[in-house]
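This report walks through a single protein chain for a reader who has not met it before. Please keep the sequence and the model in view while reading.

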Amino acid sequence: MGDVLYIVVPCYNEEAVLPETQKELGNKLETMITAGAVSEKSRIIFVDDGSKDRTWELIEKYHSENPRIGGVKLAHNRGHQFAVLAGLMTVKDLCDMAITMDADLQDDIDVVDKFVEKYKEGCEVVYGVRNSRATDTFFKKTTAEGFYKIMQAMGVDIVFNHADYRLMSKTVLDALSEYKEVNLFLRGIVPLIGYKSDTVEYARKERFAGESKYPLKKMLAFAIDGITSFSIKPIRLITTLGVGALCASALMIIWFIIGAVRGNTVSGWATIVISIWLFGGLILLGLGVVGEYIGKIYMEAKGRPRFRVEKFLG
């Protein structure tokens, strides 16, 4: 008997794509069970994130037709990341590993086998990584890749070109349950947990049906949440600007002294400019110092585990 696999699929108004999604995932799971790759206790769990269409009605229908398809219905819309988390926390005690993927069939389900193979080789986390962005518009490609680069520049341990298509073992799911933060950014949290990991590359497809649930406004909000949840470097940037302004004011003082010695002065000009730069720099520096303390309190309030022991000898 193989390990128990649960495939968790968050859904929000996915009535148009759900019939094909459950069909393809159902066929994939049956094939893996028949081949002995996973246990016959493996399941597909659709998480209805407060949909306003017939998504939950369809999930109930598919469950009645196929016992290997289950569902979780959230009381109201909480967003993609919380829908993923809700599904994972619901199944974490029922499975040996769980794979999360979107319902739109853009994630290539054929690489699920490779995920499981990596797991059997000892990987606790397997990340699905896009091998190209050929299907994206120039704007989306530029902004998406820019987002990953900015996150890495901010010191966030994030896997480049990885969204939420990943496998996690029960060990990692148990660890994930200890993270209690409200501003949820799983792409940053999962690498933070640690343990042995690997990647599987795949070609992302066009959306099978329906509309994207991530318009520009949501994408920007998601990016801001990701940056502010894992880095206080924006606060330190304010401190840097304050120090820079103070240095600029010092240089101006020297410049105006040299000008006064040479007789090149304009009455009142030096006092006004130096005062603006000096007090502006002091204000920014003060904000930066206060921000450092607030940033530390903010990170402490998340209550993240301070360390995690993977192995112990002796």
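Buried here means under 20% relative accessible area, computed with a 1.4 Å probe on protein chains only. The model is predicted, and the description below should be read with that in mind.

## The chain as a whole

The chain contains 10 helices and seven strands, and buried residues make up 43% of its 314 residues. Among the contacts in the chain with a separation of 6 or more, 82% are between residues 24 or more positions apart.

## The sheet

The seven strands form an open sheet with mixed pairing, in the order β3-β2-β1-β4-β6-β5-β7. Its edge strands are β3 and β7 (197–202), each of which pairs on one side only. Neighbouring strands of this sheet are turned by 25° against each other on average, with direction ignored.

At one edge, strand β2 (residues 43–48) and strand β3 (residues 69–73) run parallel and are joined by five bridges, with I44 standing opposite I69 in β3. At the other edge, six bridges join strand β5 (residues 125–130) to β7, and these two strands also run parallel; here V125 has S197 in β7 as its bridge partner.

## Strand β6 and its neighbours

Which strands run antiparallel to β6? One of them is strand β4 (residues 97–100), which four bridges join to β6, and within this pair A98 stands opposite M168. Strand β5 is likewise joined to β6 by four bridges in an antiparallel arrangement, and V129 stands opposite H162 of β6.

Seven of the eight residues of β6 are buried, so this strand is largely enclosed by the rest of the structure. Helix α7 (residues 186–193) lies across β5 and β6 (162–169), and the helix runs at about 35° to β6.

## Helix α2 and the unit around it

Strand β2, helix α2 (residues 55–65) and strand β3 together make a right-handed β-α-β unit. The buried residues of α2 are T55, L58, I59 and Y62. These residues lie on the same side of α2 because they cover an arc of only 105° around its axis. What covers them includes β1, α1 (18–34), β2 and β3, and so both strands of the β-α-β unit are found among the covering elements.

## Two nonpolar cores

In soluble globular proteins, nonpolar side chains tend to be buried together. In this model, the largest nonpolar core has 37 residues, and those with the most contacts inside it are L88, M168, L176 and I193. The elements that give two or more residues to this core are β1 (5–11), β2, α3 (80–91), β5, α5 (138–153), α6 (170–176) and α7. Helix α3 gives the most, with five residues.

What does L88 touch, once residues up to four places away in sequence are not counted? The residues are V8, A98, T100, M168, L173 and L176. Two of these, A98 and M168, stand opposite each other where β4 meets β6. A second, separate core has 33 residues, including L5, V9, F46 and L58; L58 is also one of the buried residues of α2.

How values were computed: Residues are numbered from 1 along each chain as its sequence is written. This is a predicted model: local features need pLDDT of at least 70, side-chain atom pairs count only at pLDDT 80 or more; totals for chains, interfaces and linings use all residues. Side-chain values use heavy atoms; hydrogens and water are left out. Two strands pair if DSSP finds at least two bridges between them. A crossover is right-handed if, with the strands pointing away from the viewer, the path from the first strand over the helix to the second runs clockwise. Axes are lines fitted to C-alpha atoms, for helices over the stretch in contact, and angles run from 0 to 180 degrees between N-to-C directions. Contact means heavy atoms within 4.5 Å. A nonpolar core is a set of buried Ala, Val, Leu, Ile, Met, Phe, Trp, Tyr and Cys residues joined through side-chain atoms within 4.5 Å. Buried means under 20% relative accessible area, exposed over 50%, partly exposed in between (1.4 Å probe, protein chains only). The arc is that of the directions from the helix axis to the C-beta atoms.
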